[in-house]
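Colleague: Thanks for making time for me. Could you show me the model and take me through the reasoning behind the words you use for it?

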Amino acid sequence: MNNYRQGSEWNDEMELRCLLVFKRLEEEGFPRGKQLELCRELSRSSGLDVGNLSAKVSNYKSVAGVNKASNASENTIAMYKRYGSMSSAEIVRVIEGGKF
């Protein structure tokens, strides 16, 4: 669906997994410290840097209007437009289905 820099470990699935972290935070009312905790879990399973993952989640917050504007990528904006109205459970089903 989207274009990623060659050699980057980012892809549509990782974008969706970061959106999933955002949705879980949103559903829980953005509890303090939870973003880093969820990003650490994602880092362990993906191998991506926890700081990069957290920054991506913060970009989703910006795109959603929770935070001030950021330098969100076109990929992040496109994923939010396509899947941002879904619940975390619905996003999990999309990820598990592999059709994104």
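Modeller: Gladly! Let me begin with what a helix is here: a DSSP run of H or I with at least four residues, numbered from the N terminus. Helix 5 is followed by glycine 98, whose phi is positive, near 70°. Please keep in mind that this is a predicted model.

Colleague: Which residues of helix 5 are buried?

Modeller: Helix 5 covers residues 88-97, and its buried residues are Ser88, Ile91, Val94 and Ile95. Buried stands for a relative accessible area under 20%, so these four residues fall below that cut-off.

Colleague: What puts them on the same side of helix 5?

Modeller: Their arc around the axis is only 115°, which puts them on the same side of the helix. On the other side of helix 5 are Arg93 and Glu96, which are exposed. Exposed means over 50%.

Colleague: And what covers the buried residues of helix 5?

Modeller: The cover includes helix 1 (12-27) and helix 4 (74-83).

Colleague: Why is arginine 17 called partly exposed?

Modeller: Arginine 17, found in helix 1, has a relative accessible area of 28%. Buried would need under 20% and exposed over 50%, so 28% makes arginine 17 partly exposed.

Colleague: Which residues is arginine 17 in contact with, leaving aside its neighbours within four places in sequence?

Modeller: Those are Leu42 and Ile95. Contact requires heavy atoms within 4.5 Å, so each of these two has a heavy atom within 4.5 Å of one in arginine 17. Ile95 also appears among the buried residues of helix 5.

Colleague: Arginine 17 also lines a pocket, I believe. Which residues line the second largest pocket?

Modeller: The lining consists of Arg17, Leu20, Val21, Arg24, Leu38, Glu41, Leu42 and Ser45. Helix 1 and helix 2 (34-46) are the elements that give two or more residues to this lining. About 160 Å³ of space lies in this pocket.

Colleague: How do you know that three residues of that lining are charged?

Modeller: Arg and Glu count as charged, so Arg17, Arg24 and Glu41 make up the three. The rest of the lining divides into four nonpolar residues and one polar residue.

Colleague: What about the lining of the largest pocket, by class?

Modeller: That lining has three nonpolar, six polar and three charged residues. Among them are Tyr4, Trp10, Glu15 and Lys56. Helix 3 (residues 50-63) provides the largest share, four residues, and the volume of the largest pocket is about 200 Å³.

Technical notes:
Residues numbered from 1 in each chain as written. Predicted model: local features only at pLDDT ≥ 70, side-chain atom pairs only at ≥ 80, totals over all residues. Heavy atoms only, no water. Buried < 20%, exposed > 50% of the residue type's maximum accessible area, 1.4 Å probe, protein only. Arc of directions from axis to C-beta. 1 Å grid on protein atoms, 1.4 Å probe; cavity = no way out; pocket = protein on both sides within 12 Å on 5 of 7 lines; lining within 4 Å. Points joined across faces, edges and corners; volume = space filled by probe spheres on them.
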